[in-house]
Amino acid sequence: MTDAVSQPDFTPAISIDNLTVYYGQTPAITGVCLNVSDGEYLGIIGPNGGGKSTLLKAILGLIPVSSGSVSVYGHPPGKSGGVIGYVPQFASMDRLFPISVLEVVLTGFLNKGLSPFHRYTEDNRKKALEILDTVGIASLAGRQISALSGGEFQRMLIARALAVNPKLLLLDEPTASVDAASREHIYGLLAELNKKMTIILVTHDLLAISSQVNRLACLNGSLVYHGEPELNREVVNQLYGCPVDLIAHGVPHRVLKEHNEHGKGYRQ
Ligand code: ADP
C-alpha cells in the first residue's frame, strides 16, 4: 500500500548557483551562490553599487544572466507564475502620477500590463480592499498617491505586491524615506507576512538586520557573508571598505558583538 500522507516540499524558494551578471563590459555581481529556504526571512545589505538590486532583478528574471543559474521554487526566473511579489525602490516611482491608492493596488492583478479598456472585476476590487486592510491603509483607498506620506506610500507598494498572492516577497529598501513609527509598522507587517511567505529584504537599515531577519547576506559585488544575522567587524569592514560602528546604543539588538570592558575588542 502506498503512503498517502503528503510529504513536505523541500524545494528551496531560491537556488542561485555561481551567478554572474554584467551590464555591458562591467560586472555587477560575480560568482554568487545562495540558497533561500521556503519560509526564510533573508536580509541583504551592502554598499551602494554592491549589486543588491541586480540580484533581485535576476531573481525576477528582469535582466539577462551572464553565467550561472537562478531558480525560483524550481522554475527559471520569470517562469514561476505569480509566485513573486516585488516592492521596487521608492525612488523609482512617480509619486505625482494622478492615480488613487486603490487603482495602484489593482494594477497588481494585471499580469500582461494595462490595456486602454481594461476593466477590473468586482472581485479584484474586493480583494484589493482586503489587502489594503491587511497593510493598514484601507481608509486611504480613494486618496491620490501624491497625498500619501512616505510610510503610507510604502505600504501601498507592499499591498500591490501582495495582489499576486505571492509565495515569495522581494522588497528593495522598503524603509527608505519613512519615519521611525512607519518603519516599525512596516517591520511588524513583514513579520506577520513572513508567517505565510518567504521574504527577501534589501535594506540599508542595519539595525533591522539583527532584530527582524533570520538570515543575512552581505553583497559587495560578490557574496561577502551569508549566515546568521549577526555581523562581525571583519565582514562589515570588508563590506563597506572602512571601519563602521554598528553598535545600536540603547537598542536591545546588536549587529556587532559587544565591546569588552576595556573597549579594545569584541566579546566572542
Ligand atoms: P545596489 O542595488 O547594491 O546599489 P546595483 O545592483 O544597482 O547595486 O548596481 C550594481 C552595479 O551595476 C553598479 O556598479 C551599478 O552602477 C551597475 N548598474 C546597475 N544597473 C545598471 C544598468 N542598467 N546599466 C549599467 N550598469 C548598471
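This is a short talk on one protein model and the ligand bound to it.

Okay, hi everyone. Before anything else, keep in mind that what you're looking at is a predicted model.

Let's start with the ligand. Which residues surround the ligand? Going along the chain, we have Tyr23 and Ala28, then a run from Pro47 through Asn48, Gly49, Gly50 and Gly51, and on into Lys52, Ser53 and Thr54. If you sort that shell by character, you get 3 nonpolar residues, 6 polar ones and 1 charged. And which element gives the largest share of the shell? That's helix 1, residues 52–60, which supplies 3 residues.

Now zoom in on the contacts. Thr54 has a side-chain N or O atom 2.5 Å from an oxygen of the ligand. For Lys52, there's also a side-chain N or O atom, and here the distance to a ligand oxygen is 2.8 Å. Gly50 joins in through its backbone: a polar atom there sits 3.1 Å from an oxygen of the ligand. So how much of the ligand does the protein cover? On its own the ligand has 560 Å² of accessible area, and the protein covers 57% of that.

Next stop, helix 7, which runs over residues 233–240. Which residues are buried there? Val235, Val236 and Leu239. They span an arc of only 95 degrees around the axis, so they end up on the same side of helix 7. Turn to the face pointing away from that buried side, and you'll find Glu234 and Gln238, both exposed.

Let's move to a loop. Between strand 2, residues 26–36, and strand 3, residues 41–45, you'll come across Asp38. Is Asp38 buried or partly exposed? Its relative accessibility is 47%, so Asp38 counts as partly exposed. Here's something you wouldn't get from reading along the sequence: Asp38 and Met197 are 159 residues apart along the chain, yet their C-alpha atoms are separated by 7.6 Å.

Last topic, cysteines. How many disulfides does the count give? It comes to 0 disulfides, where the rule asks for two cysteine sulfur atoms within 2.5 Å. Two cysteines to look at are Cys33 and Cys218. Cys33 is partly exposed, with a relative accessible area of 41%. Cys218, on the other hand, is buried, and its value is 0%.

To wrap up with one thing to find on screen: go back to the ligand and pick out Lys52 and Thr54, whose side chains each put an N or O atom by a ligand oxygen, at 2.8 Å for Lys52 and 2.5 Å for Thr54. Thanks, everyone.

Terms used: Residues numbered from 1 in each chain as written. Predicted model: local features only at pLDDT ≥ 70, side-chain atom pairs only at ≥ 80, totals over all residues. Heavy atoms only, no water. Buried < 20%, exposed > 50% of the residue type's maximum accessible area, 1.4 Å probe, protein only. Near = heavy atom within 4 Å. Polar contact = N/O pair within 3.5 Å; in protein donor to acceptor, adjacent residues only side chain to side chain. Areas by Shrake-Rupley, 256 points an atom, 1.4 Å probe, with all protein chains shown as cover. Helix = DSSP H or I, 4+ residues; strand = E, 2+ residues; numbered from the N terminus. Nonpolar A, V, L, I, M, F, W, Y, C, P; charged D, E, K, R; others polar. Arc of directions from axis to C-beta.
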